[in-house]
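The exercises below are meant to be worked with the sequence and the coordinates open side by side. Each task is followed by a solution that proceeds step by step.

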Amino acid sequence: MRKTDLQRLRNQLLEEKERVSQSLTQHEKIIKHTDDQSGLEVGKAHSNHMADQGSDEFQYETTIKFANTEGRYLYNIEEALSRIEDGTFGKCMECGQTIALPRLRRLPYTRLCIECKEKEESGSGAV
Ligand SMILES: [Zn+2]
């Protein structure tokens, strides 16, 4: 891979990392806020917000799920950045072949070439 391509992908990853970190911080605030609130609710005679409670819980769960997904995503990005550092970036973790550049441009954090990815998906049905 050319140095300029690698540099560009690295910048792309760094920008994405920044974006995801910020969005995660936002969600952690919501989770924390919801935790604080439910802490307070226990002390109150919880009659007033019965109707809202379901949707609050739903919101809370969605937020946690989202934070988990984003957390994994962030982890993948960090992994990709460390692979750039140690020089293994752009190689398929499964078969060791070079991952096509257009694929890397679209998914710079990917660990698998398209063939292995398709095999993985058609195989066990795992993500
Ligand atoms: Zn492969």
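**Exercise 1. Characterise the salt bridge between Arg-10 and Glu-85, and state where its two partners lie.**

Solution. Keep in mind throughout that this is a predicted model. The first step is the distance: the side chains of Arg-10 and Glu-85 form a salt bridge, with 3.7 Å from N to O. The second step is to place the partners, and here the pair joins distant parts of the chain, since Arg-10 belongs to helix H1 and Glu-85 to helix H2, with their positions 75 residues apart. The third step is accessibility: Arg-10, at a relative accessible area of 28%, is partly exposed, while Glu-85 has 60% and is therefore exposed, the limit being over 50%.

**Exercise 2. Examine the salt bridge between Lys-117 and Glu-120 and decide which helix holds the pair.**

Solution. Begin again with the distance, which is 3.4 Å from N to O for the side chains of Lys-117 and Glu-120. Next, locate both residues: they lie in helix H4, residues 114–123, and are 3 residues apart, or about one turn of the helix. Finally, consider exposure: Lys-117 has a relative accessibility of 21% and counts as partly exposed, and Glu-120, with 28%, is likewise partly exposed.

**Exercise 3. Determine which residues are linked with Asp-5 in a network of salt bridges, and whether Asp-5 is buried or exposed.**

Solution. The structure holds 8 salt bridges, and the network in question links Arg-2, Asp-5 and Arg-105. Within it, Asp-5 pairs with Arg-2, and the closest N and O atoms are 3.2 Å apart. The accessibility of Asp-5 is 6%, and because buried means under 20%, Asp-5 counts as buried. Arg-2, by contrast, is exposed, with a relative accessible area of 56%.

**Exercise 4. Describe the zinc site: its donors, their spacing in sequence and their geometry.**

Solution. First list the donors, which are the SG atoms of Cys-92, Cys-95, Cys-113 and Cys-116, at 2.2 to 2.3 Å from the zinc ion. Then read their spacing along the sequence, which follows the pattern C-x2-C-x17-C-x2-C. For the geometry, the 4 donor atoms subtend angles of 106 to 114° around the zinc ion, and the arrangement is therefore tetrahedral, as all the angles fall between 85 and 135 degrees. As a last step, compare two of the donor residues by accessibility: Cys-92, at 5%, counts as buried, whereas Cys-95, at 40%, is partly exposed.

**Exercise 5. Work out which helix gives the most to the largest nonpolar core, and follow the contacts of Cys-92.**

Solution. The largest nonpolar core has 19 residues, and those with the most contacts inside it are Leu-13, Ile-77, Phe-89 and Cys-92. Helix H1 (3–43) and helix H2 (50–86) each supply at least two residues of this core, and H2 gives the most, with 7 residues. Cys-92, which is also one of the zinc donors, touches Gln-97, Ile-99, Arg-111, Leu-112, Cys-113 and Cys-116, when residues up to four places away in sequence are not counted.

**Exercise 6. Summarise the fold and the burial of the protein as a whole.**

Solution. The protein has 4 helices and 0 strands, and its elements run α-α-α-α from the N terminus on. Of its 127 residues, 24% count as buried. The exposed area is about 9200 Å², of which carbon and sulfur atoms supply 53%.

Methods. Residues are numbered from 1 along each chain as its sequence is written. This is a predicted model: local features need pLDDT of at least 70, side-chain atom pairs count only at pLDDT 80 or more; totals for chains, interfaces and linings use all residues. Side-chain values use heavy atoms; hydrogens and water are left out. Donors are N, O and S atoms within 2.8 Å of the metal (3.2 Å for Na, K and Ca); water is not among the atoms, so sites may look incomplete. Four donors count as tetrahedral if all angles lie between 85 and 135 degrees; four count as square planar and six as octahedral if opposite donors are over 155 degrees apart and all others between 65 and 115; anything else is irregular. Buried means under 20% relative accessible area, exposed over 50%, partly exposed in between (1.4 Å probe, protein chains only). A nonpolar core is a set of buried Ala, Val, Leu, Ile, Met, Phe, Trp, Tyr and Cys residues joined through side-chain atoms within 4.5 Å. Contact means heavy atoms within 4.5 Å. A salt bridge is a side-chain nitrogen of Lys or Arg within 4 Å of a carboxyl oxygen of Asp or Glu. Accessible areas come from the Shrake-Rupley method with a 1.4 Å probe; for residues, only the protein chains shown count as cover.
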